[in-house]
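Thank you all for making time for this. I would like to walk through one structure slowly, strand by strand, and then step back to look at the whole chain.

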Amino acid sequence: MPLSKTLAVRAVRNGQGIVALKAFAPGATICRIKGRVVTGEQVWRYWDTDPRRGENCFRYDADHYLDPEGEIGAYANHSCDPNAGIVKAGRRLLLKAIRPIPAGDEVTHDYSTLLGADDVWKMTCNCGEAGCRKVVKNFKALPAAVVRRYRRLGIIPEFILATV
Ligand SMILES: [Zn+2]
């Protein structure tokens, strides 16, 4: 599934993921996460009918999520030591590099950066990183040093920080 000149969806460590076809410098926008803005109630309905679809949703603001079904965002995988993060710019969610990403590498972000204090969702993690947290929970459960680093990088959106 080639999606653009710069990204592809390919088999990765855990199923399918987004793979860079060119190098990205830190701070570069990798892509916009497109999708349909849905309510939290809709995401709960996905849990009943299609849990994978529920898991793929990105928190979008205090009351809404972005459902990336059929778009590249549906393949964005988590890492406890990610090379990218989600930044909200106006009404857009952008995937941005936070480290140099060589062509051929999978692009990952930390799901906890989009899980507010009111998000109860958890995921068992086997990302394989040395610092793997084993269970991904909301951003309140992140180690303080990780929160500081992510905030410095601007990859915990204000609407997530506001959920405390
Ligand atoms: Zn992990």
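Let me begin with β8 and β9, which run antiparallel and are joined by 6 bridges. Please keep in mind throughout that what we are looking at is a predicted model. The two strands form a hairpin with 2 residues between them, and Gly-90, in that turn, has a positive phi of about 65°. If you would like to follow the pairing residue by residue, you can start from Lys-88, whose bridge partner in β9 is Leu-93, and then move to Ala-84, whose partner in β9 is Ala-97.

As a reminder for those who are new to this, strands of a sheet pair through backbone hydrogen bonds, and the pairing may be either parallel or antiparallel.

Now, β9 has a second partner, because the hairpin belongs to an open sheet of 3 strands with the order β3-β9-β8, in which the pairing is antiparallel. The edges of this sheet are β3 and β8, each of which pairs on one side only, and from one strand to the next the twist averages 30°. Between β3 and β9 there are 4 bridges, again in the antiparallel sense, and here you can find Cys-31 standing opposite Leu-95 of β9.

Let us stay with Leu-95 for a moment. Which residues does Leu-95 contact, once we leave aside its neighbours within four places in sequence? The list is Ile-30, Cys-31, Ile-33, Ala-76, Ala-84, Ile-86, Val-107 and His-109. Leu-95 is also among the residues with the most contacts inside the largest nonpolar core, a group it shares with Ile-30, Phe-58, Leu-66, Ile-86 and Val-107, and that core has 36 residues. At least two residues of this core come from each of the strands β2 (15–20), β3 (29–33), β6 (64–67), β8 (84–89) and β9 (92–97).

From β2 we can turn to its own partner, strand β1, which covers residues 7–12 and is joined to β2 by 6 bridges, with the two strands running antiparallel. They too form a hairpin with 2 residues between them, and within this pair Ala-11 stands opposite Gln-16 of β2.

The next sheet is also an open one, and its 3 strands follow the order β4-β6-β5 with antiparallel pairing. Here β4 (36–39) and β5 (58–59) stand at the edges, and each has a single partner strand, so one side of each is left without a neighbour in the sheet. The pairing of β5 with β6 runs over 2 bridges in the antiparallel sense, and the partner of Arg-59 in β6 is Tyr-65. There is a helix to look for here as well, since α1, residues 40–49, lies across β4 and β6 and runs at about 90° to β4.

Within β4 I would like to single out Val-38, which has its place in that strand. Is Val-38 buried, exposed or partly exposed? It counts as partly exposed, because it has 17 C-beta neighbours inside 10 Å, whereas a residue needs 20 or more to be called buried and 12 or fewer to be called exposed. Not counting residues up to four places away in sequence, Val-38 touches Val-43, His-64, Tyr-65 and Asp-67. Val-38 and Phe-58 are 20 residues apart in sequence, and their C-alpha atoms are 10.0 Å apart in space.

One more residue deserves a careful look, and that is Lys-134, which has a positive phi of about 75° although it is not a glycine. Lys-134 lies in the loop between β11 (123–124) and β12 (135–136), and it is exposed, with 9 other C-beta atoms within 10 Å.

Finally, let us step back to the whole chain, which has 4 helices and 12 strands. Its radius of gyration is 15 Å, close to the 15 Å that the globule rule gives for 164 residues, so the chain is as compact as a globular protein of that length. Along the principal axes its C-alpha trace spans about 35 × 35 × 30 Å, and 35% of the 164 residues count as buried. Among contacts between residues at least 6 apart in sequence, 64% join residues at least 24 apart, and the contact between Leu-95 and Ile-30, which we met earlier, can serve as a reminder of how to look for such pairs.

How values were computed: Residues numbered from 1 in each chain as written. Predicted model: local features only at pLDDT ≥ 70, side-chain atom pairs only at ≥ 80, totals over all residues. Core = buried A, V, L, I, M, F, W, Y, C linked by C-beta atoms within 7 Å. Contact = placed C-beta atoms within 7 Å. Rg over C-alpha atoms; globule rule 2.2 N^0.38 Å. Axes fitted to C-alpha atoms, helices over the stretch in contact; angles between N-to-C directions.
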